[in-house]
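Colleague: Got a minute to go through this model with me? I'd like to hear the reasoning behind a few of the labels.

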Amino acid sequence: MEALLDLLRGTVTSPWVYLVIFGLTAVDAFFPAVPGEAAVITAAVLAADGGHPDLTLVIVSAALGALIGDHISYAIGRGGGANRLAHLPDGSRRRAGSEWARRAVDRRGGIILTTSRYVPGGRTAVTLTMGAVRYPRRAFLLYDSIAAVTWALYCGLLGYFGGLAFERDPLKGVLAGIGLSLIVTFGLEGVRWLRRRAHRRAAAGR
């Protein structure tokens, strides 16, 4: 981990720093031992200290890397996990558990996806599961875009403005990130609920 962060510090004045951030946040999606979050926060701290790298490009690189990495993890789960779930015996506890997970993801997939990246290991587990239960790609892209952007903003602004304060109380930093993602996600879920309700009323009035 320290070697990777040293690489980041060594390339701080080079355009390659954004590629390093992109790569670390992408690989972190399916190999959590890679310090993606630490790399983004470190780069943001360095941006505040000397103006290099550029904070906006750090956030954009982190968001794109997280988005690509999550889709790779989703594809891994879809390719391997879906086949295993399909061959589970009917009536078995594992089959019942997988069906419950599928229903939970269908109902609350957006909230689960946007908040899981703030839980250690949660990002990988959720994206793999969503692939395995064949969560719709379009919905996954939508909610994962929200998750990637809010997470990148959280890490970038945390490093740039609040690194010292949250270092003394890291729980506040985690709660701030979760709160930001929940506000966006619940807003989107509210819009979807209102649209479904309007459709039901229109159908009932025919």
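What follows is a short back-and-forth on those labels.

Modeller: Sure, just keep in mind that this is a predicted model.

Colleague: Why is Val27 called partly exposed?

Modeller: Val27 has a relative accessible area of 32%. Buried means under 20% and exposed means over 50%, so with 32% Val27 is partly exposed.

Colleague: And what makes Val27 part of a nonpolar surface patch?

Modeller: A patch residue needs over 30% relative accessible area and no salt bridge; Val27, at 32%, passes that area cut-off, so it can count. Val27 makes the patch together with Phe30, Phe31, Ile68, Ile72 and Ile76, about 500 Å² in total.

Colleague: Which helices come into it?

Modeller: Val27 lies in helix 2, residues 16–27. Helix 4, residues 55–86, gives the largest share of the patch, with three residues.

Colleague: How do you know which residues are listed as "transmembrane region"?

Modeller: That comes from UniProt, an unreviewed entry, which lists residues 16–35, 55–76, 140–161 and 173–191. In the model, residues 140–161 are 95% helix and 0% strand, with end C-alpha atoms 31 Å apart. Residues 16–35 come out at 60% helix and 0% strand, and there the end C-alpha atoms are 17 Å apart.

Colleague: What makes up the secondary structure of the whole protein chain?

Modeller: Nine helices and zero strands. As for cover, 42% of the 206 residues count as buried, that is, under 20% relative accessible area. The protein chain exposes about 11,500 Å², with carbon and sulfur atoms supplying 65% of that.

Conventions. Residues numbered from 1 in each chain as written. Predicted model: local features only at pLDDT ≥ 70, side-chain atom pairs only at ≥ 80, totals over all residues. Heavy atoms only, no water. Patch = residues over 30% accessible without salt bridge, like charges linked within 9 Å, V, L, I, M, F, W, Y side chains within 5 Å. Areas by Shrake-Rupley, 256 points an atom, 1.4 Å probe, with all protein chains shown as cover. Salt bridge = Lys/Arg side-chain N within 4 Å of Asp/Glu carboxyl O. Helix = DSSP H or I, 4+ residues; strand = E, 2+ residues; numbered from the N terminus. Buried < 20%, exposed > 50% of the residue type's maximum accessible area, 1.4 Å probe, protein only. UniProt positions renumbered as here; feature names shortened; annotations may be inferred.
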